[in-house]
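Subject: Two-chain model, handover and notes

Hello,

Here is the structure you were due to receive. My notes on it follow below.

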Amino acid sequence: MGSTATRSVVRRTTAVLAASAISAVGLAACTNGGGAAGGSGGGGASDSLTMQFAGPPVSMDPAKAGNGGSAAFVSLAYDPLIYQTGEGKLVPDLATKWQYVGTGNKVFEFDLRHGVTFTDGAKLDAAAVVASMRYFLKAGGGLVGNVGSIDAVTAVDDDTVRITYKQPYPIAPESLTQFFGIGNIIGPKGLADPKSLLTSSDGTGQYVYDGAKSVSGNRYAYKRNPKYFAPSAQHFKNVSIRIIGDPNAVLSAARTGQVQFASGDPQTAAAAKKAGLTVQTAPFFNWSLMLADRKGTVLKPLADSRVRQAISLAFDRKTLASALGGRFASPSGQLVLPGIPGYVKGGGYDYDVAKAKKLLAAAGYPHGFKMTVLTQSLIDPNTKYSQAFANALNAIGIDVKLKVESTGIAQFAADSQSKKYPAVIFPTAGSTLYATSAQISSGLFNPFKSADTQVDHILATANAATGTKQEQLYEQANSRYADLAWVVPIMSTLNIHYLASDLKNVTSSTINPNPIPTGPTSELSWARK
Amino acid sequence: MLRVIGHRLLVSIPLLFIVTFAVFGLESLIPGNAAQTILGENATPAAVAQLNTQMGLNDPFFERYAHWVGHAVTGNFGSSVISGAPVWTSVVTRLGVTMSLLIPSLVLAAVAGVVLGMASAVRGGWLARLIDVVSLLGFALPSFWVGLILVSIFAVKLGVLPATGYTPLGTSPSEWIASITLPVVALSLYGITAIAKQTRDSASEVLDSDYIRFLRANGVPERSVLLKHVLRNSSIPVATSLGLISIGALGGTVFIENVFVLPGLGSLATQATLDHDIPVILGVALCFTLAVIAINLVIDLIYGLLNPKVRVS
């Protein structure tokens with residue numbers, strides 16, 4: 001069948017195809033010079049930084065933005081009043097001095113740095129800061145519940161601002177850092193047209209958001225701010241944040257130098273280390289089982305503290321942490337992690353199935369009971385953690401049925417607050433006991449609105465106290481929370497980051513596990529060697 | 001032919017309404033809403049309800065859809081409820097990226113598939129068997145997995161192509177080629193193997209027909225037999241396959257764009273769905289529907305060119 005002409009046609013066409021493929025690869029090789037930057041976010045030059053984040057920002061408007069690692073989207077363009085270093089120390093940024101006025105931690109004042117201008121050209125003064133903070137309080141963003149019950153924000157004089165709280169608020173300085181939104185100050189022009197903040201920026205930060213060069217949901221571009229107050233801290237001409245969700249794609253981008261900073265994953269961490277990337281870790285999530293129905297509204301047994309304590313005793317935390325997270329997880333039996341004021345050395349619950357069964361029997365449930373637990377597969381992929389936690393409860397006779405929400409964290413939060421589920425699996429994350437207790441007292445952690453007068457009293461006293469006395473009171477509160485067993489901490493997981501070998505000044509800690517690239521001094525800002 | 005095109009376009013108008021209505025309806029069945037996304041996990045039900053009211057999400061279903069249609073027919077597709085960016089601008093910007101993947105991958109699939117299929121039909125033997133095996137692999141391997149393997153070889157190990165990202169053609173043609181090479185290869189693999197198999201089957205049937213024997217017996221050059229007669233007569237089912245593959249590849253871009261982190265329509269649709277960003281979801285659905293209509297129209301025109309009987313009918 002195959003004649004010479006046929007073979008010739010086939011050979012020629014095959015050769016054309018092969019040549020096209022070879023030339024495409026060759027052209028690409030020439031383009032990249034054998035390196036592997038390429039693409040829109042390609043790094044390579046030491047005066048540019050490309051970092052990765054797993055998802056797009058909630059908003060580019062600081063008043064509606066997210067917290068945690070996504071604070072970088074805002075902080076690049078908007079300086080916070082107070083800067084939290086990677087080690088967790090609070091250092092001056094737009095505010096140079098701060099203190100509570102009087103006793104009781106209800107009035108807080110700070111002085112502003114001189115000589116700072118917004119990108120719109122306006123001068124930073126108390127009036128501008130007050131306007132920005134008032135806008136934050138009314139903008140309807142998700143972080144407004146995390147900044148204390150503010151009664152008023154007023155300008156004392158041109159460079160002093162006063163915040164008055166309705167209740168004692170011991171973490172006012174922390175709430176003005178880059179992770180809470182209210183401290184990231186927006187300029188007057190931006191406030192006059194808040195929609196403009198979605199496509200451009202008006203802050204005092206090291207960089208200016210360049211909406212024209214950004215692609216929403218894919219790449220966010222920033223260029224150097226020529227008006228920044230400390231040019232020596234600006235180590236880059238351009239900074240980009242690329243949105244890469246898939247852990248394998250993240251690793252590929254980090255390994256080939258397309259990004260210099262990326263969020264890591266326990267599954268890819270070993271490969272990242274082998275590829276020469278620095279793997280930096282810090283404790284972050286405290287995975288817990290919230291026994292939310294403390295009045296027994298939908299599941300009567302949970303109203304009995306002996307049942308909740310029995311559940312707390314059912315987890316072999318050491319084995320679970322080792323099996324589920326390897327070296328990226330640790331057993332955790334307390335609301336706060338070691339190193340955070342309020343942590344009680346030797347506190348928390350041990351693993352004791354026999355004692356747990358005795359407690360259940362004493363409470364009238366010698367054969368256990370059935371319990372539906374709400375969980376999600378967004379930050380617990382394949383519900384690996386949730387299934388292990390549920391299995392652990394089988395050992396004391398509690399038959400757990402998992403209800404998995406997979407459409408989004410927001411929907412998970414709505415489900416949790418629907419009061420249909422007696423228990424919820426979700427991590428807490430707080431760098432102070434105050435923050436953690438605020439977290440577990442509201443929203444998805446406390447759908448049935450439980451309250452305990454004893455813990456409230458201890459916390460109210462602690463919140464108005466200072467120094468060692470405050471720490472002792474937080475330890476008391478932590479112990480009381482353990483007795484109540486409303487929340488059953490099980491294990492803490494680490495926040496993992498991959499750093500290019502030439503990236504420096506990146507630090508993280510238990511108190512601040514989310515490093516961001518900008519800081520008010522050269523040493524606190526990321527740079528490339 | 002112009003009447004055919006006109007008729008097709010007229011028929012497609014109700015289709016646009018049906019698709020957008022169906023997407024609107026399906027989206028409303030997904031638990032959650034944009035207000036919950038914007039306010040985050042700590043939002044109180046009261047705050048979510050308030051924002052829902054502000055954004056008009058509590059309005060009746062038909063009223064919301066009618067509101068969208070009313071604006072869409074005037075060319076106003078609204079803005080993203082999350083980013084505030086105009087939907088039309090977002091869709092047009094990302095359409096270029098998706099087309100940068102789709103068109104080259106279809107061209108590659110068509111050319112490589114037809115060449116391999118013809119070669120297999122004409123030569124038979126080991127080449128045919130090899131194409132059968134490769135076809136099976138092409139059918140079995142998901143494109144995102146192929147993409148990951150290509151990245152690990154050409155980006156991570158060899159370092160000749162970027163692992164992720166997209167460079168617009170206008171910025172740098174050579175970097176554009178580099179940025180789309182791996183995604184295009186990954187996206188076209190299924191098409192190449194499907195078209196190769198379809199071409200081989202059709203061409204084998206044509207090669208066995210009497211008129212081919214007659215042409216050869218009359219001394220018509222082999223090249224002419226293959227290109228003018230065998231290829232042309234076997235290409236109608238191939239064109240059908242290409243149409244179906246094009247529509248499948250449009251869906252495949254969703255996965256490929258995620259693997260290679262390309263800012264195309266697929267990734268926009270994924271994110272918008274997660275965020276319950278209805279204006280963007282509808283904008284993307286409209287764009288995908290228009291693309292499918294265009295693909296079907298092009299396939300109809302190709303039929304007409306290949307087969308005069310179709311033109312007459």
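The domain bounds used here come from an automatic or database domain assignment. On that basis chain B splits into domain 1, residues 2-72, and domain 2, residues 87-312. Please keep in mind throughout that this is a predicted model.

Chain B

Chain B has 13 helices and zero strands. Its C-alpha trace spans about 85 × 55 × 35 Å along the principal axes. Of the 313 residues in chain B, 48% are buried. If one takes the contacts in chain B between residues at least 6 apart in sequence, 72% of them join residues at least 24 apart.

UniProt, in an unreviewed entry, places the feature "domain: ABC transmembrane type-1" at residues 95-303 of chain B. That span is 85% helix and 0% strand, and its end C-alpha atoms lie 27 Å apart.

How do the two domains of chain B meet? Their centres, taken over C-alpha atoms, are separated by 32 Å. The contact involves 19 residues of domain 1 of chain B and 15 residues of domain 2 of chain B. Between them the two domains bury about 1,600 Å², with 80% of that on carbon and sulfur atoms. On the domain 1 side, Leu16(B), Glu27(B) and Trp68(B) lose the most area to domain 2 of chain B, together 31% of what that side buries. The count of salt bridges between these domains is zero, and the rule also finds zero residue pairs in polar contact across the interface, with both residues required to be at pLDDT 80 or more. Helices α1 (2-29), α2 (34-39) and α4 (61-72) of chain B each supply at least two residues of the domain 1 side that touches domain 2. The largest share of that side, 11 residues, comes from α1(B).

Chain A

Chain A is also divided in two: domain 1 covers 42-277 + 500-528, and domain 2 covers 285-493. Their C-alpha centres lie 31 Å apart. The contact takes 12 residues from domain 1 of chain A and 16 residues from domain 2 of chain A. The area buried between them is about 1,100 Å², and carbon and sulfur atoms give 64% of it. In domain 1 of chain A, the residues that lose the most area to domain 2 are Pro170(A), Thr510(A) and Ile511(A), together 36% of what that side buries. There are zero salt bridges between the domains of chain A, but two residue pairs are in polar contact across the interface.

The UniProt record, again unreviewed, puts "domain: Solute-binding protein family" at residues 89-432 of chain A. Over those residues the chain is 24% helix and 25% strand, and the end C-alpha atoms are 13 Å apart.

Two local details in chain A

The first is helix α6, residues 247-255 of chain A, where the buried residues include Ala249(A), Val250(A) and Leu251(A). The cover over the buried residues of α6(A) includes β1 (48-53) and β17 (487-499) of chain A, together with α7 (143-157) and α10 (222-259) of chain B. At the start of α6(A), a side-chain oxygen of Asp246(A) comes to within 3.1 Å of the backbone nitrogen of Asn248(A). After α6(A) comes Gly257(A), with a positive phi near 80 degrees.

The second is Asp304(A), in the loop between β12 (278-291) and α8 (305-312) of chain A. Asp304(A) counts as buried because its relative accessible area is 17%, and the cut-off is under 20%. The side chain of Asp304(A) reaches the backbone nitrogen of Arg306(A) at 2.8 Å.

Regards

Definitions and conventions
Residues numbered from 1 in each chain as written. Chains lettered and ligands numbered in written order. Predicted model: local features only at pLDDT ≥ 70, side-chain atom pairs only at ≥ 80, totals over all residues. Heavy atoms only, no water. Helix = DSSP H or I, 4+ residues; strand = E, 2+ residues; numbered from the N terminus. Buried < 20%, exposed > 50% of the residue type's maximum accessible area, 1.4 Å probe, protein only. Polar contact = N/O pair within 3.5 Å; in protein donor to acceptor, adjacent residues only side chain to side chain. UniProt positions renumbered as here; feature names shortened; annotations may be inferred. Contact = heavy atoms within 4.5 Å. Buried area = accessible area lost by both parts, 1.4 Å probe. Salt bridge = Lys/Arg side-chain N within 4 Å of Asp/Glu carboxyl O.
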